[in-house]
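Trainee: Please give me a close look at the enclosed spaces in this model, with the elements and residues around them. Then carry on from there to the pockets, the charged pairs and the nonpolar interior, as one connected account.

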Amino acid sequence: MKKGLFITFEGADGSGKTTQLNKIKTFLDEKGYETVVTREPGALDFGKKIREILLHYDKNLSDKAEMFLFLADRAQHIEGLIKPSLEQGKIVLCDRHTDSTIAYQGYGRGQDINLLTLLNDIAVNNLKPDLTLLYDVSVETAQKRVGDEKDRMEASGIEFHKKVRNGYIQLQKDNSERIKLIDANNDIETVYENTKNIIMDLINKRLGV
Ligand SMILES: Nc1ncnc2c1ncn2[C@@H]1O[C@H](COP(=O)(O)OP(=O)(O)OP(=O)(O)O)[C@@H](O)[C@H]1O
Ligand SMILES: [Mg+2]
């Protein structure tokens, strides 16, 4: 049975997910909570091989193949790490998860969103995040933060990234209970204060102080 908390970090490349996740991990550890930091794709051994293909494969990868690779990684990740950690009462902080698939493969690449939602459900076996933080940032700012060394996904072009951003915003509107929008155009400390407040609200409600 699930006892911990499952928190996912979503948003564009360069929106500041990893920066915030690391800061929150330090904060929660200091408060005495047991945390697990993980990411998609590629948290487990099996997934590292998938991540290598997804981010660095230099030949043509079909949109469907890309979609199934992300989902295969997720299915393994849920069973192999997320579910057992939650059963042990830990707070799982996961860098990208199901919403990335809808935003990137759905809104970005144009794959069927209903189908992706169904495939996501199958991959996670009904284990949904308790909270998702969506770091929203302008495409221009995100691109500047990423810099010139782009991986295969990051190099997909400005139009693609605009569709992904709008997709994320739509997802937030459709799931406003779970997904909290954070303005990630702000400086790191302001974004961190917002992140911390939202997470502590949830912890106080669900786990007690
Ligand atoms: N609020 C911010 N203001 C200015 N710079 C930031 C902010 N947040 C993060 N950065 C910087 O932008 C860069 C990208 O941040 P980070 O790696 O956290 O983004 P990310 O969302 O994890 O990206 P990716 O999806 O590519 O992993 C880093 O150099 C980081 O220091
Ligand atoms: Mg990151």
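Mentor: In this predicted model, strand E4 (131-136) and helix H7 each supply at least two residues of the lining of the second largest cavity, and the largest share of that lining, 3 residues, comes from E4. The space inside amounts to about 40 Å³, and the residues around it are Ala12, Leu134, Tyr135, Asp136, Val137, Arg165 and Tyr168. Divided by class, this lining has 5 nonpolar and 2 charged residues, with no polar ones.

The largest cavity has a volume of about 50 Å³, and the count of cavities of 30 Å³ or more comes to 4. Ala12, Val137 and Arg165, which take part in lining the second largest cavity, are also found around the largest one, where the remaining lining residues are Asp13, Ser138, Val139, Ala142, Gln143 and His161. Helix H7 again supplies at least two residues here, as does helix H6, and H6 gives the most, with 3 residues. The class composition of this lining is 4 nonpolar, 3 polar and 2 charged residues.

Asp13, one of the residues lining the largest cavity, leads on to the open spaces, for Asp13 is also among the residues that lie nearest the centre of the largest pocket, together with Lys17, Thr18, Asp95 and Arg96. That pocket holds about 600 Å³ of space and is lined by 32 residues, of which 9 are nonpolar, 11 polar and 12 charged. Helix H1 (17-30), helix H2 (45-56), H3, H4 and H8 each contribute at least two residues to its lining.

Helix H7, already met at both cavities, also supplies at least two residues to the lining of the second largest pocket, as do H4 and H5, with H5 giving the largest share, 5 residues. The space in this pocket is about 290 Å³, and the lining of 16 residues has Asp99, Thr117, Leu171, Asn175 and Arg178 nearest the centre. By class, the lining comprises 7 nonpolar, 4 polar and 5 charged residues.

Two of those central residues are partners, since the side chains of arginine 178 and aspartate 99 meet in a salt bridge with an N to O distance of 2.8 Å. Arginine 178 lies in the loop between H7 and strand E5 (179-183), whereas aspartate 99 is in helix H4, so the pair ties together parts that are 79 residues apart in sequence. With a relative accessible area of 17%, arginine 178 counts as buried, and aspartate 99, at 3%, is buried too.

This pair belongs to a wider set, for a search of the whole structure finds 12 salt bridges, and three charged residues, Glu66, Arg109 and Arg152, are linked in a network. Glutamate 66 forms a salt bridge with arginine 109, the closest N and O atoms being 3.2 Å apart. Because glutamate 66 lies in helix H3 (residues 63-87) and arginine 109 in the loop between helix H4 (98-108) and helix H5 (113-124), this bridge ties together parts that are 43 residues apart in sequence. The other arm of the network is the salt bridge of arginine 152 with glutamate 66, whose closest N and O atoms are 2.8 Å apart. Here arginine 152 sits in the loop between helix H6 (139-146) and helix H7 (158-174), so its pairing with glutamate 66 in helix H3 ties together parts that are 86 residues apart in sequence. As to burial, glutamate 66 has a relative accessibility of 1% and therefore counts as buried, arginine 152 is buried as well, and arginine 109, at 22%, is partly exposed.

The nonpolar interior completes the account. Its largest core has 45 residues, those with the most contacts inside it being Ile7 and Leu28, and helix H8 (residues 188-206) provides the largest share of this core, 6 residues. Leaving aside residues up to four places away in sequence, isoleucine 7 touches Ile91, Val92, Leu93, Cys94, Leu131, Leu133, Ile199 and Leu202. Apart from the largest core lies another, of 9 residues, among them Phe6, Val36, Cys94 and Leu127. Cys94 is thus a member of that second core and also a residue touched by isoleucine 7.

Technical notes
Residues are numbered from 1 along each chain as its sequence is written. Chains are lettered from A and ligands numbered from 1 in the order in which they are written. This is a predicted model: local features need pLDDT of at least 70, side-chain atom pairs count only at pLDDT 80 or more; totals for chains, interfaces and linings use all residues. Side-chain values use heavy atoms; hydrogens and water are left out. A salt bridge is a side-chain nitrogen of Lys or Arg within 4 Å of a carboxyl oxygen of Asp or Glu. Helices (H or I, at least four residues) and strands (E, at least two) are DSSP runs, numbered from the N terminus. Buried means under 20% relative accessible area, exposed over 50%, partly exposed in between (1.4 Å probe, protein chains only). A nonpolar core is a set of buried Ala, Val, Leu, Ile, Met, Phe, Trp, Tyr and Cys residues joined through side-chain atoms within 4.5 Å. Contact means heavy atoms within 4.5 Å. On a 1 Å grid over the protein atoms alone, a cavity is a set of points where a 1.4 Å probe fits but cannot get out, and a pocket is an open set with protein on both sides within 12 Å along at least five of seven lines; lining residues have an atom within 4 Å of a point. Grid points are joined across faces, edges and corners, and a volume is the space filled by probe spheres set on the points. Ala, Val, Leu, Ile, Met, Phe, Trp, Tyr, Cys and Pro count as nonpolar, Asp, Glu, Lys and Arg as charged, and the others, Gly among them, as polar.
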